[in-house]
Amino acid sequence: MINTDADALIRNLAQEREQLRRSATPLLNTECQHHYSSHQIIWQNEGVCLRAFIPERPRHKRPLVLCYALVNRPWILDLAPGSSLIEALVTQGFSVYLIDWGQPERCQRFRGLEHYVDQIMHACIQAAASHSASHRVNLAGICQGGVFSLCYAAIHPELVNRLVTLVTPVDFHAADFTLSQLYRGVDIQQLVSAYGNIPGPLVTQVFSGLQPMRLGQLKHLTTAPRLVEKPDSVAQYMLMERWLNDCPDLAGRALQQFVELFFQHNRLLDGKFDSGNFKVDMSRLAAPVLNIYGKHDHLVPPNASRALEQICKRGHYQSLEIGAGHIGTLMGNKALKSVPAAIQDWLQEAD
């Protein structure tokens, strides 16, 4: 029952306002600048770079290459000490290489998926293999980067030893895949014609619009008490907000191909598809796959991710469900207790 007592409502509003005021003080006084943990850049071209996080005593002979999405910045994987998937993997002795896609220039708006997957990604993987003196790599793809990684492993099966996909969509027509339903209603060709590269702020609005109350006013109201009670969490909250609102622009042609192939026509499940010079035959996927997804993921629902088993060879597929949402599956407390260990167990089998 809704309390309609005017005096009670006034008191509640006053309490909410006071909590917001008290939480605003530490937010305004906290510097918010992300810094990667210790690493070196070993390759760069056209605004893309490959970051190498090398442990003092590597315990695995093959490098682990992380491929993030073109959307958002990949530093969510190395947010802060104690909240970093990369830190946890390095602690386990993995030599970790992170593909940082950077920000596309306007002149790159005609670059397609073949450029990103079969040229830039290929160059990064070759650089990681050379740097670690290995002939093959282990590959981990996150979200859209997981789709890229599946395609790459099918195009170059000789270079990928084992594959890990995290929060990766495969069945883009799953009934509860809201983001896909949204993209299916967009005239992507007209949008790309109008903008060239799609502006990052527009992408941010799309993601926020999936759950406007939960990701808007309600989030701020529920976060305020936590920030007051746990001031140590302020810096991480600020970093997360900075990351959420720092989407890079998206190369126009690559986005159009991705939307048409996968969101609109669900071609990944078909197993064989092409768009211009981007040609993929998933029957060539030879690497065993560990598929990690979030039980409460609202961006890539579990059904969309679990469909990966349909295109993997028999006996070459395992899955792990994490009781978290999209980002929580990558760097939440539950994830950091189980995901790095699961990745280590999976990759150790073939070391």
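Select strand β1 (residues 40-45) and strand β2 (residues 48-53): the two pair in the antiparallel sense over 5 bridges. Strands here are DSSP runs of E with at least two residues, helices are runs of H or I with at least four, and both are numbered from the N terminus. Two strands count as paired if DSSP finds at least two bridges between them. The model is predicted: local features need pLDDT of at least 70, side-chain atom pairs count only at pLDDT 80 or more, and totals for chains, interfaces and linings use all residues. Residues are numbered from 1 along each chain as its sequence is written, and side-chain values use heavy atoms, with hydrogens and water left out.

**The hairpin and its sheet**

Stay on the first pair. Tryptophan 43 has leucine 50 in β2 as its bridge partner. β1 and β2 form a hairpin with 2 residues between them. In the turn, pick glutamate 46, which has a positive phi of about 55 degrees.

Next, show the whole sheet. It is open, has 8 strands in the order β1-β2-β6-β3-β7-β8-β11-β12, and its pairing is mixed. The edge strands, each paired on one side only, are β1 and β12 (317-322). Neighbouring strands of this sheet are turned by 20 degrees against each other on average, direction ignored. Such angles are taken between axes, which are lines fitted to C-alpha atoms (for helices over the stretch in contact); they run from 0 to 180 degrees between N-to-C directions.

Move to strand β6 (residues 96-100). Is β6 largely enclosed or open? 5 of its 5 residues are buried, so β6 is largely enclosed by the rest of the structure. Buried means under 20% relative accessible area, exposed means over 50%, and partly exposed lies in between (1.4 Å probe, protein chains only). Val96, Leu98 and Asp100 are buried on one side of β6, and Tyr97 and Ile99 on the other.

Look at the partners of β6 in turn:

- β2 runs antiparallel to β6 and is joined to it by 5 bridges; alanine 52 has tyrosine 97 in β6 as its bridge partner.
- Strand β3 (residues 64-67) runs parallel to β6, with 4 bridges; leucine 64 has valine 96 in β6 as its bridge partner.

At β12, select strand β11 (residues 289-294) as well: 6 bridges join the two, which run parallel. Isoleucine 292 stands opposite leucine 320 in β12.

**Helices to select**

Show α4 over the sheet. This helix lies across β3, β7 (137-142) and β8 (160-166), and runs at about 145 degrees to β7. Add helix α3 (residues 113-131) beside helix α4 (residues 144-155): their axes come within 10 Å and cross at roughly 75 degrees. α3 and α4 are therefore roughly perpendicular to each other. Angles of 65 to 115 degrees count as roughly perpendicular, under 35 as roughly parallel, over 145 as roughly antiparallel and the rest as oblique. At this crossing, Leu113, Tyr116, Val117, Asp118, Met121, His122 and Ile125 in α3 meet Phe148, Ser149, Cys151, Tyr152 and Ile155 in α4. Contact means heavy atoms within 4.5 Å.

Now go to helix α6 (residues 188-195) and helix α10 (residues 252-264), whose axes come within 10 Å and cross at roughly 170 degrees. That makes α6 roughly antiparallel to α10. Ile188, Gln189 and Val192 in α6 meet residues of α10 including Gly252, Leu255 and Val259.

Helix α13 (residues 333-348) has 16 residues and reaches 23 Å from its first C-alpha to its last, close to the 22 Å expected at 1.5 Å a residue. The expected span is 1.5 Å times one less than the number of residues. Among the buried residues of α13 are Leu336, Val339, Ile343 and Trp346.

**Two serines**

Keep Leu336 displayed and select serine 84, in strand β5 (residues 83-84). Serine 84 has 2% relative accessibility and so counts as buried. Leaving aside neighbours within four places in sequence, serine 84 is in contact with Leu77, Asp78, Leu79 and Leu336. Its side chain makes a polar contact with the side chain of aspartate 78 (2.6 Å). A polar contact is a pair of N or O atoms within 3.5 Å; within protein, one must be able to donate a hydrogen and the other to accept it, and residues adjacent in sequence count only if both atoms are side-chain atoms.

Finish at serine 37, in the loop between α1 (6-28) and β1. At 31% relative accessibility, serine 37 counts as partly exposed. Serine 37 touches Phe53 and Asp78, not counting residues up to four places away in sequence.
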